[in-house]
Amino acid sequence: MKQLLLGDEAIALGAINAGLSGVYAYPGTPSTEITEFIQTNKVARERGIHSRWCTNEKTAMEAALGMSYAGKRALVCMKHVGMNVCADAFVNSAITGVNGGLIVLAADDPSMHSSQNEQDSRFYGKFALIPVFEPSNQQEAYDMVASAFEMSESLKVPVLLRIVTRLAHSRAAVEVGELGVENALNPSTDQWVLLPGIARKKYVDLLEKQEAFQKASETSTYNKKESAGQKLGIVACGIGYNYVKENVGDNADILKVSQYPLSPKAIKAFAAEHESILVVEDGQPVVEETIAGMVGADYPIKGRLTGDLPRTGELTPDSVAKALGKPAGPAFDNAKNLAGRPPQLCQGCGHRDVYTALNQVLAEYPDYRVFGDIGCYTLGALPPFKALSSCVDMGASITMAKGAADAGLFPAVAIIGDSTFTHSGMTGLLDAVNDKSNITVVISDNLTTGMTGGQDSAGTNKFEAICLGLGVEPEHVRVVVPLPKNMPEITRILKEEIEYKGVSVIIPRRECIQTAARHARERAKEAKK
C-alpha cells in the first residue's frame, strides 16, 4: 500500500512497523514531526508505544538507551544541535553497546533555516565509530528504519540515521509494508558499567566490529554504482543523489552513498576508473575530505572545498548543475520588488509585553546587557524591540549573564523561555545561586514549547517550585501577567529585582496565543458533541 508521507512521517511509520516500543525526543525543527506522528498514530496508541516529550536530548538519549537495555526497540530523535547536548550518552552508547535495536535520528539543517549552525551529524557517527544511514528519498527513509534496527541488534551497536531539512519536510509516495511485532522484554545480561577496566575492553570490541561495518556498507543495497562511460565520477551522498539524477539522468557515472562508513575499496576502485571525482553531499565536506585521504593529494577531487559547490548552505539542483558544467534552471525573480519581511513575534504575544517592559526599565541603566536564549522570544533581538545582546545556545542566557556579572557588568539580565529553562537553564541558575551572582533572570512562560509548534513544556506549573528548590530566595521569585494593563506593576517589579544585589527570578506567565486559540477551538468542538 502506498501513502503520501513527509520524510519525517516515513521514518515514524517505518519505526512503528518495525516493532518500535518507544520514541524519545525533544522538539527541534526539522525532526519534530517524527514524534508528533507517533503520538497521534492509531497503532502506536493501541500498542502503548512511549512517545512523551523529554526535557532535553540528553535525557532522551539515556531513556532510549534504557529501553534498549530492556531488550526493546527505541528511537531517539533530535535536530543536529541536539547531538551536542546528548553527545556524552551517545558516544558512550557505542562502548556499552545495545540490546534492543537503537536508532539515533539526527535531522541536520543546511542553510540554517531555523538553527544556529550548519554542523553535519555524520561527523558524530564517525567520531563514535558507528554505522550511519543517510536516505536519498522518503522510500529509503522508511525502509532504512527496519534495516537500521536489524543492524543495531545483529552488531549490538546504536545506529545513526541522518536526514536533512529538505528530505524531512517534503512529501513523496511511499510503499508501506506490514506491521511487525515488538520485541519481548529481555533485559541485557552484558556488563554496561563503564569503569575504565571494562570500558577499555569494550572499546576494543567496538574497534573489532569496524570490519563488519565496512562489509555491511560494501554489500548494502542503499549503496550502488551506475556506469555510463564518463571521465568524471560523481560520488552522490543522500539527498544529493536526487539532484545529480535530476541534472544528468542515466548519463553519468555515479557512486551513490547512503550507508557509512565509506568503503575504501569501493572509493579507490571508483577513482581508478575516472579522471576526477565530484563529491555531492548536503552539509559539510565529510566525504570529500575522507576521499582525499583515501586516494591521495594528487588525485583531482571537486566539491565544497574546491568551490565547485557552495561552501555554505544546502544543495540545490541549480548548484549541482553548475558544478556539472550545465546551465541552471530558469530564474524566478517575481519577488525582487517585494519588501523584506523578517520574522516577528505574533501580535498579542506575551513576550512582546515582556520586552516592552524590559526596554522601558533598562533605559535607565546605560551599561545594561540582556542575554537571550533559544526560542520564539529570540525574535526580541529584531526590531521593534532590539532587546537582546546575545543568543548562543540552549540555556546560555543565565550562565552568560552570570559570567558578565562576575566581570562587574551591571545590570546583567537573562531572558529564557519555559521549555529552554528546564532543558538547559536550571543548572546555570544553581551556579548563580551558589555564587550569589548579581543577576536578574526572566523566565518568560507561555505554557508551551512555542517555537516548534506548541508541544508540552516539561516544567509547566513547576517553575516557582524549581527556583525555590534551587535556592532562590522566596521573596525574589516573582510572577507577573504580561499584559499592557499590568505594565506599571511589571516595570515596578523589574526595577526592584534589578536593584536587588543577588539572584532574582521574574516569571511573566501568559499562554501562547497560538496554543490558546487551538485550545479554544478544541473546547468548542467538544462542547458541540
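# A walk through two sheets, their helices and two pockets

Let us start with one pair of strands: β8 and β10 (residues 253-257) run antiparallel to each other and are joined by three bridges. Within this pair, E226 stands opposite I254 of β10. Keep in mind as you look around that the model is predicted.

Now widen the view to the sheet that holds this pair. It is an open sheet of five strands in the order β8-β10-β9-β12-β13, and its pairing is mixed. At its edges you find β8 (224-226) and β13 (301-302), each of which pairs on one side only. Helix α13 packs on this sheet, where it touches β8, β9 (232-237), β10 and β12 (276-280). The direction of α13 makes about 165° with that of β10.

Helix α13 also has a helical partner. Two packed helices are described by the angle between their axes and the distance between the axes. For α13 (residues 264-272) and α14 (residues 286-295), the angle is about 75° and the axes are 10 Å apart. An angle from 65 to 115 degrees counts as roughly perpendicular, so that is how α13 stands to α14. Which residues of α13 and α14 make the contact? From α13 come P264, I267, K268 and A271, and from α14 come I291, M294 and V295. By class, this contact of α13 with α14 has six nonpolar residues, no polar ones and one charged.

A second helix pair can be read in the same way. The axes of α6 (residues 87-96) and α10 (residues 196-208) come within 8 Å and cross at roughly 80°. These helices, α6 and α10, are therefore roughly perpendicular to each other. Here A94, I95 and T96 of α6 meet A199, K202, Y203 and L206 of α10. The contact of α6 with α10 divides into five nonpolar residues, one polar and one charged.

Next, move on to another sheet. Five strands form this open sheet in the order β14-β15-β16-β18-β17, and here the pairing is parallel. Why is one side of β14 (369-371) and of β17 (477-480) left without a neighbour in the sheet? Both stand at the edges, each with a single partner strand, so there is no neighbour on the other side. On average, neighbouring strands of this sheet are turned by 20° against each other, with direction ignored. At the β14 edge, three bridges join β14 to β15 (residues 412-417), and the two run parallel. One position to find by eye is F371, whose bridge partner in β15 is A414.

Two helices lie across this parallel sheet. Helix α17 (residues 396-406) lies across β14, β15 and β16 (439-444), and runs at about 175° to β15. Helix α18 (residues 418-434) lies across β15, β16 and β18 (504-508), at about 145° to β15.

The loops here hold some details of the backbone. Between β14 and α17 is a loop that contains P384, and the peptide bond from P383 to P384 is cis, with omega near 10°. The loop between α17 and β15 contains P411, and the peptide bond from F410 to P411 is also cis, with omega near -5°. Elsewhere, L129 has a positive phi of about 65° although it is not a glycine. You will find L129 in the loop between α7 (122-128) and β5 (132-133).

Finally, look at the empty space. Rolling a probe the size of a water molecule over the atoms shows where such space is left. The largest pocket holds about 680 Å³. Its lining has 37 residues, and K79, Q116, I374, G375 and M394 lie nearest the centre of the pocket. Which element gives the most to the lining of the largest pocket? That is α18, with five residues. The lining of the largest pocket has ten nonpolar, 22 polar and five charged residues.

The second largest pocket has a volume of about 420 Å³. Of the 22 residues that line it, Q39, W53, G454, Q455 and D456 lie nearest its centre. Two elements give two or more residues to this lining, namely α2 (32-40) and α18. Helix α2 gives the most, with four residues. By class, the lining of the second largest pocket has six nonpolar, eleven polar and five charged residues. Helix α18 therefore makes a good landmark to return to: α18 lies across the parallel sheet, and gives residues to the lining of the largest pocket and of the second largest pocket.

Terms used. Residues numbered from 1 in each chain as written. Predicted model: local features only at pLDDT ≥ 70, side-chain atom pairs only at ≥ 80, totals over all residues. Heavy atoms only, no water. Pairing = 2+ DSSP bridges. Axes fitted to C-alpha atoms, helices over the stretch in contact; angles between N-to-C directions. Contact = heavy atoms within 4.5 Å. 1 Å grid on protein atoms, 1.4 Å probe; cavity = no way out; pocket = protein on both sides within 12 Å on 5 of 7 lines; lining within 4 Å. Points joined across faces, edges and corners; volume = space filled by probe spheres on them. Nonpolar A, V, L, I, M, F, W, Y, C, P; charged D, E, K, R; others polar. Parallel < 35°, antiparallel > 145°, perpendicular 65-115°, else oblique.
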